[in-house]
Amino acid sequence: MCDNHLLVMLLSHTHSVRNCLSQAGGGGDSYGGLHYHDNNLVSGSLEALIQHLVPSVDYYPDRTYIFTFLLSSRLFIHPFELMSKVYHLVVEHQRLSEPQADKIRLRKIAPKVLQLLTEWTETFPYDFRDERTMRRLKDLTHRLSSGDELYRKAVQQMTQGLIRKLTALGQYEETLMKISITVTDRLAVLKTKPQAIQKDILTICNDPFTLAQQLTHIELERSSFIGPEEFIQAFIQKDPRDNDKSRFSGHKKARNLEAYVDWFNRLSYLVATEICMPVKKKQRARVTEFFIDVARECFNIGNFNSLMAIISGMNMSPVSRLKKTWGKVKTAKFDILEHQMDPSNNFYNYRTALRGATQRSITAHSSREKIVIPFFSLLIKDVYFLNEGCANRLPNGHINFEKFWELAKQVSEFMAWKKVECPFEKDRKIIAYLLTAPVFNEDALYLASYESEGPENNTEKERWKSLRCVRGIRTVHQACQITLLLIQDLYRSQPQTSCLLT
């Protein structure tokens with residue numbers, strides 16, 4: 001449902017959010033509790049919006065409305081409650097509860113309701129992890145399909161698709177947990193055998209393009225499990241006009257969005273670790289230049305999230321302070337990349353590059369040209385400020401649907417991008433290293449940095465002394481061993497996993 005066609009339609013619905021509060025008492029037309037402006041729905045009561053969702057014999061809601069309402073409605077009503085209301089509206093209004101329900105009328109309404117349910121289950125499958133929602137879905141589809149083989153097949157197809165999605169999510173979550181345990185076991189081995197950490201990224205992969213491809217595999221795999229509703233659950237607070245009951249209680253929340261953010265943080269720390277770990281300046285410079293080339297390849301692919309994670313890792317203080325190392329690095333390419341991701345003017349340069357990648361994706365002739373992986377933290381920031389800038393409800397109590405048109409546009413862009421299949425050949429050995437190689441926490445990074453290039457001022461000297469005293473470190477070799485102990489807390493607090501390893 002969240003394809004480029006849907007996105008184009010959403011673009012035609014959205015207005016500037018700066019004026020999203022101006023419609024509360026302004027001009028426009030109202031029909032049955034819904035308020036329109038320039039033929040666009042801008043607000044309405046919850047009950048009217050729900051009725052607008054439910055098909056009838058001579059009406060079917062616009063696809064953009066279905067997506068936008070299903071995305072935003074969970075702020076005001078639990079998905080299970082919404083499904084119950086849809087059930088009652090269909091059964092009661094279409095008189096399907098009568099023993100001798102009009103067969104002709106049923107044949108007219110059933111395909112439309114089944115289409116609505118199909119769009120719901122395909123786009124928001126995680127809603128049906130709640131057994132109550134699933135049970136109500138089965139009740140409704142049973143009424144629609146009873147006595148008609150054609151509808152029974154349609155229901156069976158829809159149900160099988162939903163089960164496949166939920167099964168895949170369950171397997172993904174189980175794999176994340178299993179690999180998290182594996183990582184913990186590896187740390188235990190490293191405590192007793194520090195030499196096991198002697199592998200570095202260049203021994204695993206010394207080709208920047210190949211590494212950028214494997215990073216793209218991880219990005220697309222991680223993002224593919226993020227449901228659109230997770231943006232609502234993670235970033236939008238409950239409206240104070242609503243009651244205290246959480247709209248998300250009673251069913252298992254997906255945490256794929258958090259896992260994706262964890263991956264960004266891990267990659268940043270991995271880059272910093274790989275640069276700070278080598279004892280020799282020449283090797284540190286070589287690793288630094290390698291990651292610059294990887295970042296450039298990520299940019300060319302359209303993988304802006306990995307690009308920004310690499311830049312973030314290289315800009316961490318323990319790395320940026322290595323002046324002697326940077327003195328050996330050809331930084332021209334890095335300066336260009338930093339310019340592209342410059343945060344000034346609200347990331348103007350990046351947003352321009354993103355628009356170019358998006359246009360390339362729309363007109364793509366190959367799967368590689370379709371790849372668009374946005375800088376995810378900035379997308380989150382955009383959603384956050386959209387939420388903060390506009391109220392969920394207008395002063396008259398209506399739901400501010402104009403705000404949710406804009407929110408749906410932003411989310412649907414990401415949902416379209418994440419559907420792209422990675423065209424590159426997968427290298428499981430490289431991916432395993434990226435996901436499970438030990439990474440230093442902040443103290444370990446500073447310790448390795450000071451051991452490589454000594455502290456230059458009193459602040460650095462005091463910090464270095466403090467870090468060395470913690471473990472009684474006297475040599476660089478001991479410092480490398482101690483970093484293995486320091487990273488344990490980082491691994492325990494952040495699961496570094498992926499079903500790509502299975």
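Here are some questions and answers about this predicted model, with helix α5 at the centre.

Q: How many helices and strands does the protein have?
A: Let's start with the overall picture: of the 502 residues in the protein, 55% are buried. As for secondary structure, the count is 24 helices and 4 strands.

Q: Among contacts between residues at least 6 apart in sequence, what percentage join residues at least 24 apart?
A: The pool here holds contacts in the protein between residues at least 6 apart in sequence. The share of that pool joining residues at least 24 apart is 78%.

Q: What distance does helix α5 reach from its first C-alpha to its last?
A: Helix α5 covers residues 103-123, which is 21 residues. At 1.5 Å a residue, a span of 30 Å is expected, and the model comes close to that. The distance reached is 30 Å.

Q: At which residue does α5 bend?
A: The bend amounts to about 30 degrees. A proline, P111, follows the bend within four residues. The residue at the bend is I109.

Q: Is K108 buried, partly exposed or exposed?
A: K108 sits in helix α5, where the buried residues include L106, I109 and A110. Buried would need under 20% relative accessible area and exposed over 50%. The relative accessibility of K108 is 47%, so K108 counts as partly exposed.

Q: Which residue, 51 residues apart from K108 along the chain, has its C-alpha atom 5.7 Å from that of K108?
A: K108 belongs to α5. Its C-alpha atom is separated by 5.7 Å from that of a residue 51 positions away along the chain, and that partner is V57.

Q: How are α3 and α5 oriented to each other?
A: Two packed helices are described by the angle between their axes and the distance between the axes. For α3 (residues 63-72) and α5, the axes come within 11 Å and cross at roughly 50 degrees. The crossing is right-handed, and R63, I66, F67 and L70 in α3 meet L116, E119, W120 and T123 in α5. Given the angle, α3 and α5 are therefore oblique.

Q: How is α9 oriented relative to α11?
A: The axes of α9 (residues 208-224) and α11 (residues 256-276) come within 9 Å and cross at roughly 160 degrees. Angles over 145 degrees count as roughly antiparallel. That makes α9, relative to α11, roughly antiparallel.

Q: Which residues of α11 make the contact with α9?
A: α9 passes α11 in a left-handed crossing. On the α9 side, the contact is made by L215, I218, E219, R222 and S223. On the α11 side, the residues are A259, Y260, W263 and L267.

Definitions and conventions
Residues are numbered from 1 along each chain as its sequence is written. This is a predicted model: local features need pLDDT of at least 70, side-chain atom pairs count only at pLDDT 80 or more; totals for chains, interfaces and linings use all residues. Side-chain values use heavy atoms; hydrogens and water are left out. Helices (H or I, at least four residues) and strands (E, at least two) are DSSP runs, numbered from the N terminus. The expected span of a helix is 1.5 Å times one less than its number of residues. The bend at a residue is the angle between axes fitted to the seven residues ending there and the seven starting there. Buried means under 20% relative accessible area, exposed over 50%, partly exposed in between (1.4 Å probe, protein chains only). Axes are lines fitted to C-alpha atoms, for helices over the stretch in contact, and angles run from 0 to 180 degrees between N-to-C directions. Angles under 35 degrees count as roughly parallel, over 145 as roughly antiparallel, 65 to 115 as roughly perpendicular and the rest as oblique. A crossing is left-handed if the near helix is turned anticlockwise from the far one by less than a right angle, and right-handed if clockwise. Contact means heavy atoms within 4.5 Å.
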